[in-house]
Amino acid sequence: MKKFIYYSLAWVVGAFTLVACTNDDLSSTSVITVSQTNQNDFDHWLDANFVQPYNIVFAYRYQDIETDPNYYSVPARFEDAVKLAHILKYTCVEAYNEVAGPQFTRMYFPKLFYLTGEWLYRNNGTIILGTAEGGKKIYLHGTNYLTENLKSEATLNEFYLKTIHHEFTHILNQTKNYDEGFQLITGSTYLADSWSSDEGETGYLQRGYISDYSQHSHSEDFAEMMSIYVTNSQEQWDKWMKEAGTEGAKLIAQKLAVVKDYMKTAWNIDIDKLRDSVLSREADVVNGNIDLEDLTI
């Protein structure tokens with residue numbers, strides 16, 4: 001199963017060697033050779049900070065097998081990949097460590113992050129920011145735009161961090177499903193792919209959706225509720241609820257209650273505490289308190 005979010009390690013290659021026992025005088029030297037990628041300081045840092053503690057592969061080198069052939073794509077720029085690895089570790093992995101414990105992170109956080117440099121552009125005018133697949137992988141696109149989006153928490157959230165939390169929510173949902181009642185709160189007004197139409201781009205708060213993309217389906221609605229809540233302040237949330245009006249705010253509040261209950265009951269995570277940790281860590285990144293280029297082990 002693949003889940004998408006839209007906006008309007010080096011691999012170790014293995015080989016099997018087949019051996020046949022005959023009377024022929026054959027050389028013991030294999031004619032099959034496997035190219036090995038030279039390990040650099042970043043690879044060693046990733047091994048120490050992702051592979052060893054969490055069994056997570058952070059793949060930043062371009063791999064055809066992990067790239068969707070239906071979209072134009074380019075490799076992630078090395079410098080931006082290094083920065084994004086630091087950001088993911090500090091603002092996401094370690095935030096979940098703080099509120100849920102390292103064992104939760106080791107067990108449930110996706111085991112592969114694959115980076116590409118460009119966004120995936122669709123014919124309907126939207127772009128794909130990230131994809132979750134099979135409960136084990138998260139694909140992150142647009143890595144080469146990271147540096148210019150580090151200027152504020154808003155842009156860092158919009159294009160990267162919200163995507164990670166959104167896709168991780170899908171992974172958690174694939175492991176333990178949420179209350180079916182969630183999809184009935186605004187069940188008659190989901191728009192599917194028309195979420196990006198003129199109809200979907202305006203008035204979504206008043207209809208009970210926290211974002212335009214939330215209108216796609218109940219599963220995307222749930223992931224948007226979770227990811228937007230933990231990456232925005234209460235002050236910003238209150239502004240959205242005021243804009244939503246009485247009816248819209250009531251519907252969003254009902255959805256938020258289901259999300260909070262699910263995360264607490266299924267995963268023992270208080271998402272208000274998670275939000276506090278995420279926001280504090282995001283501020284550290286934007287304010288330059290974290291060295292995003294240090295590869296010291």
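The questions and answers below concern a predicted model of one protein.

Q: In which element of the protein is confidence lowest, and in which is it highest?
A: Across the whole protein, the mean pLDDT is 86, and 87% of the residues score at least 70. The elements depart from that mean in both directions, since strand S1 (residues 2-6) has a mean of 46 and helix H7 (residues 234-267) has a mean of 98. Confidence is therefore lowest in strand S1 and highest in helix H7.

Q: Over which residues does pLDDT stay under 50?
A: Where pLDDT is low, the predicted coordinates should not be read in detail. The model does have 69 contacts beyond four places in sequence for the stretch in question, but those contacts come with a pLDDT under 50. The stretch is residues 1-35.

Q: What pattern does the protein follow when read along the sequence?
A: The protein has eight helices and six strands. Taken in order along the sequence, these elements give the pattern β-α-β-α-α-β-β-β-β-α-α-α-α-α.

Q: What share of the residues in the protein is buried?
A: The protein exposes about 14,700 Å², and carbon and sulfur atoms supply 49% of that area. A residue counts as buried when its relative accessible area is under 20%. Of the 297 residues in the protein, the buried share is 50%.

Q: Are helices H6 and H8 parallel, perpendicular or oblique to each other?
A: The axes of helix H6 (residues 218-230) and helix H8 (residues 271-286) come within 8 Å and cross at roughly 50°. Angles under 35 degrees count as roughly parallel and those from 65 to 115 as roughly perpendicular, and the crossing angle of roughly 50° falls in neither range. H6 and H8 are therefore oblique.

Q: How many residues of the contact of H6 with H8 are nonpolar, polar and charged?
A: On the side of H6, the contact is made by Met226, Tyr229 and Val230. On the side of H8, Ile271, Asp272, Leu274, Arg275, Val278 and Leu279 take part. Divided by type, these residues are seven nonpolar, no polar and two charged.

Q: Which residues does Leu256 touch, not counting residues up to four places away in sequence?
A: Leu256 is found in helix H7, and Leu256 counts as buried because its relative accessibility is 11%. Met225 is 31 residues away from Leu256 in sequence, yet the two C-alpha atoms are 6.7 Å apart in space. Not counting residues up to four places away in sequence, Leu256 touches Met225, Tyr229, Trp237 and Ile271.

Q: With which residues is Ala244 in contact, leaving aside neighbours within four places in sequence?
A: Ala244 lies in helix H7, and Ala244 is buried, with a relative accessible area of 4%. The C-alpha atoms of Ala244 and Arg207 are separated by 7.6 Å, although these residues are 37 residues apart along the chain. Leaving aside neighbours within four places in sequence, Ala244 is in contact with Leu205, Gln206, Ala249 and Ile252.

Q: Is Val51 buried, partly exposed or exposed?
A: Val51 lies in helix H1 (residues 41-54), and the C-alpha atoms of Val51 and Lys111, 60 residues apart in sequence, are 9.0 Å apart in space. The relative accessible area of Val51 is 23%, whereas buried means under 20% and exposed means over 50%. Val51 is therefore partly exposed.

Q: Where is Ala192 placed, and what is its phi?
A: Most residues other than glycine have a negative phi. Ala192 counts as partly exposed, at 39% relative accessibility. Its place is in the loop between helix H4 (153-175) and helix H5 (198-201), and its phi is positive, at about 55°.

Q: Is Asn268 buried or exposed?
A: Asn268 is found in the loop between H7 and H8, and its phi is near 55°, a positive value in a residue other than glycine. Its relative accessibility is 53%, and the cut-off for an exposed residue is over 50%. Asn268 therefore counts as exposed.

Key: Residues are numbered from 1 along each chain as its sequence is written. This is a predicted model: local features need pLDDT of at least 70, side-chain atom pairs count only at pLDDT 80 or more; totals for chains, interfaces and linings use all residues. Side-chain values use heavy atoms; hydrogens and water are left out. Axes are lines fitted to C-alpha atoms, for helices over the stretch in contact, and angles run from 0 to 180 degrees between N-to-C directions. Helices (H or I, at least four residues) and strands (E, at least two) are DSSP runs, numbered from the N terminus. Angles under 35 degrees count as roughly parallel, over 145 as roughly antiparallel, 65 to 115 as roughly perpendicular and the rest as oblique. Contact means heavy atoms within 4.5 Å. Ala, Val, Leu, Ile, Met, Phe, Trp, Tyr, Cys and Pro count as nonpolar, Asp, Glu, Lys and Arg as charged, and the others, Gly among them, as polar. pLDDT is the predictor's confidence in each residue, from 0 to 100. Buried means under 20% relative accessible area, exposed over 50%, partly exposed in between (1.4 Å probe, protein chains only). Accessible areas come from the Shrake-Rupley method with a 1.4 Å probe; for residues, only the protein chains shown count as cover.
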